[in-house]
Amino acid sequence: MKPPMFLRFVFALVMALAVAGTTRAEGVRARMEQRLPALDALKARGVVGENNQGFVEVRGEGDAEAAKLVADENQDRTVVYANIAQRFGATAEEVGRKRAHKIAENSAPGVWLQTSDGTWHQKK
């Protein structure tokens, strides 16, 4: 017996959304990997730093290109944090703060980091 047309439609819609979600996540990951070298160069020059919320901030004498790169990176991080939060029953803000700690641990010496109290320092 064939399932009713409505159920077939719902199943097809759910599958399409699942594939779209996977494709979107892959797109975010690819964009983040692609911009990583430029972001690392800006960090090395002290133009951007990692804040205590898991996002990048323009710190030095940035230009429009640096600002665009930071905005794009933070937009993708927002998507990633929201996805992780949804999977683990947390908030995106909690995920961002936890990610900020990991980013700080893994950052290269000289990268500007923001502590939990909001002060900035360069990693030694």
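**Figure 1. The N-terminal stretch and model confidence.** In this predicted model, pLDDT stays under 50 over residues 1-7, a segment for which the model has two contacts beyond four places in sequence. Over residues 9-20 pLDDT again stays under 50, and here the model has zero contacts beyond four places in sequence. Among the elements of the chain, helix 1 has the lowest mean pLDDT, at 69, whereas strand 3, covering residues 112-114, has the highest, at 98. For the chain taken as a whole, the mean pLDDT is 85, and 81% of the residues reach 70 or more.

**Figure 2. The order of elements along the chain.** The chain contains three helices and four strands, and, read from the N terminus on, its elements run α-β-β-α-α-β-β. Of the contacts between residues at least 6 apart in sequence, 44% join residues that are at least 24 apart. Buried residues account for 26% of the 124 residues in the chain, while the accessible surface comes to about 8500 Å², with 60% of that area belonging to carbon and sulfur atoms.

**Figure 3. The largest nonpolar core.** Eight residues form the largest nonpolar core of the model, namely L39, L42, V47, V48, V56, A66, L69 and V70. Helix 1 (5-44) and helix 2 (64-88) each supply at least two residues of this core, and helix 2 gives the most to it, with three residues. In soluble globular proteins, nonpolar side chains tend to be buried together. One member of the core, L42, is in contact with V47, V48, A66 and L69 when its neighbours within four places in sequence are left aside.

**Figure 4. Helix 2 from end to end.** The end C-alpha atoms of helix 2 are 36 Å apart, and this agrees with the 36 Å that its 25 residues should span at 1.5 Å a residue. At the start of the helix, a side-chain oxygen of D63 reaches to within 3.2 Å of the backbone nitrogen of E65; just after the helix, G89 takes a positive phi of about 65°. The buried residues of helix 2 are A66, L69, V70, E73, N74, D76, R77, V79, Y81 and A85, a list in which charged residues such as D76 and R77 appear beside nonpolar ones such as L69 and V70.

**Figure 5. Two buried charged residues of helix 2, D76 and R77.** R77 has its place in helix 2 and counts as buried because its relative accessibility, 7%, is under 20%. A polar atom of the R77 side chain lies 2.9 Å from the backbone oxygen of G54. Not counting residues up to four places away in sequence, R77 touches M32, L39, K43, E50, G54, F55, V56 and I103. D76, also placed in helix 2, is buried with a relative accessible area of 4%. Leaving aside its neighbours within four places in sequence, D76 is in contact with V28, R31, M32 and R35, and M32 is thus listed among the contacts of D76 as well as among those of R77.

**Figure 6. Two alanines, A44 and A85, in contrasting surroundings.** A44 lies in helix 1 and, at 67% relative accessibility, counts as exposed. Although A44 and W112 are 68 residues apart in sequence, their C-alpha atoms are 8.8 Å apart in space. A85, by contrast, is found in helix 2 and is buried, with a relative accessible area of 5%. Beyond four places in sequence, A85 is in contact with A90, T91, A92 and V95, and the C-alpha atoms of A85 and G96, eleven residues apart in sequence, are separated by 9.2 Å in space.

**Figure 7. N52 in the loop between strands 1 and 2.** The loop between strand 1 (48-50) and strand 2 (56-58) holds N52, which counts as buried at 16% relative accessibility. The side chains of N52 and Q53 are joined by a polar contact of 3.1 Å. Leaving aside neighbours within four places in sequence, N52 is in contact with R97, A100, Q114, T115, S116 and G118. N52 and I103 are 51 residues apart in sequence, and their C-alpha atoms are 9.5 Å apart in space.

Terms used. Residues numbered from 1 in each chain as written. Predicted model: local features only at pLDDT ≥ 70, side-chain atom pairs only at ≥ 80, totals over all residues. Heavy atoms only, no water. Core = buried A, V, L, I, M, F, W, Y, C linked by side-chain atoms within 4.5 Å. Buried < 20%, exposed > 50% of the residue type's maximum accessible area, 1.4 Å probe, protein only. Contact = heavy atoms within 4.5 Å. Areas by Shrake-Rupley, 256 points an atom, 1.4 Å probe, with all protein chains shown as cover. pLDDT = per-residue confidence, 0-100. Polar contact = N/O pair within 3.5 Å; in protein donor to acceptor, adjacent residues only side chain to side chain. Expected span 1.5 Å × (residues − 1).
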